[in-house]
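Here are some comments on the model, set out as numbered points for you to read beside the sequence and the structure. They begin with a question about one loop and then move through the strands, the helix, the cores and the cysteines.

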Amino acid sequence: MISGVLAPDIDSVWIQVEPEIARVTDRFDTGERPEHFYQRLIKREQQLWLCNGGEGLFITEVKIFPEFKLLAVPIVAGKNMDKWMVGMVDTCKAFAKHHQCKYIEGYGRKGWLRALHKHGFKDYAITTRLEV
């Protein structure tokens, strides 16, 4: 079961979700820390979703471009993803359609490709990075 967390309720779950978000940002340098996500969540710029009563979570953000909108999913974390991945993808699809998004876009390590291909996602681009 997937449930959205309303902005006024972010504080009530933050102690639970912050370590999971930190685990992602520590492992995958997004250029953001959990507190940056927190600020955007309470400002309603992003949305927090809990999976299976807190077993997992994901964050979404509707991005508006001149030609289309897309639903970005910058954070996905948790345990037993195989139990809630289908619900997450279905929720993202419904939320994206509701907001008239053309695409859903996720970010992450190569291991995500295998998991997301099962749900119709396709490789779109390759990002490379060189630290200077």
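1. In which loop is Q100 found? This is a predicted model, and in it Q100 belongs to the loop that links α3 to β5 (103-106). Its phi is positive, at about 55 degrees, although Q100 is not a glycine. As for its surroundings, Q100 counts as exposed because its relative accessible area is 65%, and over 50% is what exposed requires.

2. N52 deserves to be read alongside that residue, since N52 too is not a glycine and has a positive phi, here of about 50 degrees. The loop that holds N52 is the one between β2 and β3. With a relative accessibility of 29%, N52 is classed as partly exposed.

3. The helix that precedes Q100 is α3, which covers residues 81-98 and has 18 residues. From its first C-alpha to its last, α3 reaches 24 Å, which is close to the 26 Å expected at 1.5 Å a residue. The buried residues of α3 are W84, M85, M88, V89, T91, C92, F95 and A96.

4. α3 also takes part in a right-handed β-α-β unit, together with β4 and β5. The two strands of this unit, β4 and β5, run parallel and are joined by four bridges; one pair to look for on the display is L71 with its bridge partner I104 in β5.

5. With β3, by contrast, β4 pairs in the antiparallel sense, over eight bridges. These two strands, β3 and β4, form a hairpin that has four residues between them, and L57 has A77 in β4 as its bridge partner. β4 is mostly covered, with nine of its ten residues buried.

6. Which residues touch the most other members of the largest nonpolar core? They are I21, L48 and L57, in a core of 16 residues. Two or more residues come to this core from each of α1 (10-27), α2 (34-42), β2 (47-51), β3 (56-64) and β4 (69-78), and α1 gives the most, with six residues.

7. L48 is a useful place from which to inspect the packing, and, with residues up to four places away in sequence left out of the count, L48 touches S3, G4, V5, I10, V13, V17, L41, L57, F58 and I59. A second core, separate from the largest one and made up of 15 residues, includes W49, V76, C92 and A96.

8. How many disulfides does the model contain? The count comes to zero, and the sulfur positions of C51 and C92 deserve a closer look on this point. The closest cysteine sulfur to that of C51 is the one in C92, and because the two are 8.8 Å apart they are too far from each other for a bond, given that a disulfide needs sulfur atoms within 2.5 Å. Seen from the other side, the sulfur of C92 has that of C51 as its closest cysteine sulfur, again at 8.8 Å and too far for a bond.

9. Are these two cysteines, C51 and C92, buried or exposed? C51 counts as buried, at 0% relative accessibility, and C92 is buried as well, with a relative accessible area of 4%. Both values can be read against the cut-off for buried, which is under 20%.

Terms used: Residues are numbered from 1 along each chain as its sequence is written. This is a predicted model: local features need pLDDT of at least 70, side-chain atom pairs count only at pLDDT 80 or more; totals for chains, interfaces and linings use all residues. Side-chain values use heavy atoms; hydrogens and water are left out. The expected span of a helix is 1.5 Å times one less than its number of residues. Buried means under 20% relative accessible area, exposed over 50%, partly exposed in between (1.4 Å probe, protein chains only). A nonpolar core is a set of buried Ala, Val, Leu, Ile, Met, Phe, Trp, Tyr and Cys residues joined through side-chain atoms within 4.5 Å. Contact means heavy atoms within 4.5 Å. Two strands pair if DSSP finds at least two bridges between them. A crossover is right-handed if, with the strands pointing away from the viewer, the path from the first strand over the helix to the second runs clockwise.
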